[in-house]
Amino acid sequence: TTARLHQDLTALVTALPPDPRGGAVAVRAGRFMVSGSELQYNLVLTRERAAGKPMPGMLQLRVAGESEAGVQSVVTGKAVPLLLGSHAVLHGSLPLPVGFKPRQTTIQVFDQPAGKAVGMRVLAVP
């Protein structure tokens with residue numbers, strides 16, 4: 001059963017549209033939902049050259065939007081460590097200021113804390 005689920009997941013990930021920016025790590029899909037004062041996310045990342053051991057990295061989200069007072073601003077989330085093999089499905093949430101209305105999220109993957117960017121994509125928040 002586990003092997004079958006892994007095959008199904010691999011087939012689904014392969015069917016996702018490519019990341020238009022390319023890069024060592026591709027952000028293949030992202031879904032966001034505002035719940036109260038947090039942004040919940042589901043992301044799918046892939047790595048082309050995944051031979052060998054998984055690659056450690058850091059995920060960071062930057063959310064652009066409008067504050068409760070109507071001022072354009074950006075909320076930067078805390079960097080989250082990740083370990084990426086051929087693909088990863090990530091779930092999490094980012095706290096937002098009260099009344100903040102997100103418009104778009106920049107997803108960045110770094111090779112280490114404050115390191116080199118190895119993947120990036122900007123997606124709309126519905």
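In what order do the elements of the protein chain run from the N terminus on? In this predicted model, the order is α-β-β-β-β-β-β-β-β, which amounts to one helix and eight strands. The radius of gyration of the protein chain is 15 Å, close to the 14 Å that the globule rule gives for 126 residues, so the chain is as compact as a globular protein of that length. Taken along the principal axes, the box that the C-alpha atoms fill is roughly 50 × 35 × 25 Å.

The interior can be approached through its contacts and its burial. Among contacts in the protein chain with a separation of 6 or more, 58% join residues that lie 24 or more positions apart, and buried residues make up 37% of the 126 residues. The largest nonpolar core has 24 residues, and those with the most contacts inside it are Phe32, Leu43, Leu45, Leu59 and Ile107. At least two residues of this core come from each of β1 (25-35), β2 (38-47), β3 (55-66), β5 (80-84), β6 (87-95), β7 (101-110) and β8 (117-124).

Leu59 offers a way to follow this core residue by residue: leaving aside residues up to four places away in sequence, Leu59 touches Tyr41, Leu43, Lys78, Ala79, Val80, Leu82, Leu90, Ile107, Gln108 and Val109.

Turning to the surface and the charges, the protein chain exposes about 7,600 Å², of which carbon and sulfur atoms supply 57%. The chain carries 13 positive and 7 negative charges, and the mean positions of these two sets are 6 Å apart.

Key:
Residues numbered from 1 in each chain as written. Predicted model: local features only at pLDDT ≥ 70, side-chain atom pairs only at ≥ 80, totals over all residues. Heavy atoms only, no water. Core = buried A, V, L, I, M, F, W, Y, C linked by side-chain atoms within 4.5 Å. Buried < 20%, exposed > 50% of the residue type's maximum accessible area, 1.4 Å probe, protein only. Helix = DSSP H or I, 4+ residues; strand = E, 2+ residues; numbered from the N terminus. Contact = heavy atoms within 4.5 Å. Rg over C-alpha atoms; globule rule 2.2 N^0.38 Å. Areas by Shrake-Rupley, 256 points an atom, 1.4 Å probe, with all protein chains shown as cover. Lys, Arg positive; Asp, Glu negative; His and termini not counted. Charge placed at Lys NZ, Arg CZ, Asp CG, Glu CD.
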